[in-house]
Amino acid sequence: MSDTIDVDEGPDPLEGLRQRVRELILRSGRSQREFADTVRLEPSKLSKSLKGTRRFSAEELIRIADAADVTVNWLLNGRDDAATVVAIPPGRHTPPDAAHRRSADGASVPAPRSGSGDRRRQIIEAAWQLIAEHGYHAVRTADIARACGTSSATIHYHFPTLSDLLDEALRSSSKQAFDRQVAVLHSIPEARERLHRLIELQLPYPGHLTLEWSIWMQVWTESTLHPHLRELHAGYYQRWHDTIAQTLRDGIAEGVFRGDCDPEAMAMHLTALIDGLAIPVLTRRPGRSVQQMREILREFVATRIEGVTRQ
């Protein structure tokens, strides 16, 4: 499928998105070229996207949202809690308070990220990478400072305790996962294709997705020991469950999934199956692979959800 984004906002469905990106560039205090460099996008591509002669890809929207400290849902719809094909986080919204102002289309725009904010983001990204690669308890402040090319004092300025920083890195991982889902799935109207794409987004292919799974396996462990992480864990899984259940309900309404499928119960079965299959892949159990995991999940969806009868 294409990784470009369509947004249903009226006569020109992409103008709202383009306007919000323009506002973020303005609020960042950077030139358009500098902003393009920040989000690793060729300046000419950013210019064409803002003019409407090119569409932003899903990956580009994810990077823009990350750099500007907004969600992809906000970029697409002007609100964190706008209804979309991915379940919204409970209680999240973008309030027009002192830290925000209104854009031309009425959406609340976050305050500009300062140089201090850029450093904070760099620290969180470095901590995320180190946790994923070496483990939550193996990461030290000095390791993060070294990765950022700064001092431990700078790390402590932004995060008084190492626990504060590590917890924020875990929250950042949750945001990344759902930003990716919104960016990729938003333009897919058919529930069947969305479900298959959701599964693909959960497969622990080598690279970023394997690191993301490493983070979440550690969240599971830490949540059993530390109550303050249980809310993060529960919120993430409820949103993931709700996204699957919503997709199943849409598919039943479209007539592409079995009419006797219970969306809530089936979402529980499917999410448990994904987790159970991923663990031996990530722990490199002999004979287990991402491809095998993919085939098992596709067979489960075909027979249990789509109602395909095997001869």
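## Helix 9, helix 11 and the spaces around them

Helix 9 and helix 11 cross in a left-handed way (near helix turned anticlockwise from the far one by less than a right angle). Helices are DSSP runs of H or I, at least four residues, numbered from the N terminus. The model is predicted: local features need pLDDT of at least 70, side-chain atom pairs pLDDT 80 or more, while totals for chains, interfaces and linings use all residues. Residues count from 1 along each chain, and side-chain values use heavy atoms, without hydrogens or water.

The axes of helix 9 and helix 11 (residues 208–225) come within 10 Å and cross at roughly 130°. That makes helix 9 oblique to helix 11 (not under 35, over 145 or 65 to 115 degrees).

The structure holds three cavities of 30 Å³ or more. A cavity is a set of 1 Å grid points where a 1.4 Å probe fits but cannot get out; a pocket is an open set with protein on both sides within 12 Å along at least five of seven lines; lining residues have an atom within 4 Å of a point.

The largest cavity has about 120 Å³ of space. Its lining includes Trp-213, Trp-216, Tyr-236, Tyr-237 and Trp-240. Helix 11 gives the largest share, four residues.

The second largest pocket has a volume of about 430 Å³. Of its 18 lining residues, Arg-40, Ile-62, Asp-66, Gln-176 and His-208 are closest to the centre. Helix 4 (58–68), helix 6 (115–134) and helix 9 (162–185) each supply at least two.

| Lining | Nonpolar | Polar | Charged (Asp, Glu, Lys, Arg) |
|---|---|---|---|
| Largest cavity | eight residues | one residue | two residues |
| Second largest pocket | four residues | five residues | nine residues |

Definitions and conventions: Points joined across faces, edges and corners; volume = space filled by probe spheres on them. Nonpolar A, V, L, I, M, F, W, Y, C, P; charged D, E, K, R; others polar. Axes fitted to C-alpha atoms, helices over the stretch in contact; angles between N-to-C directions.
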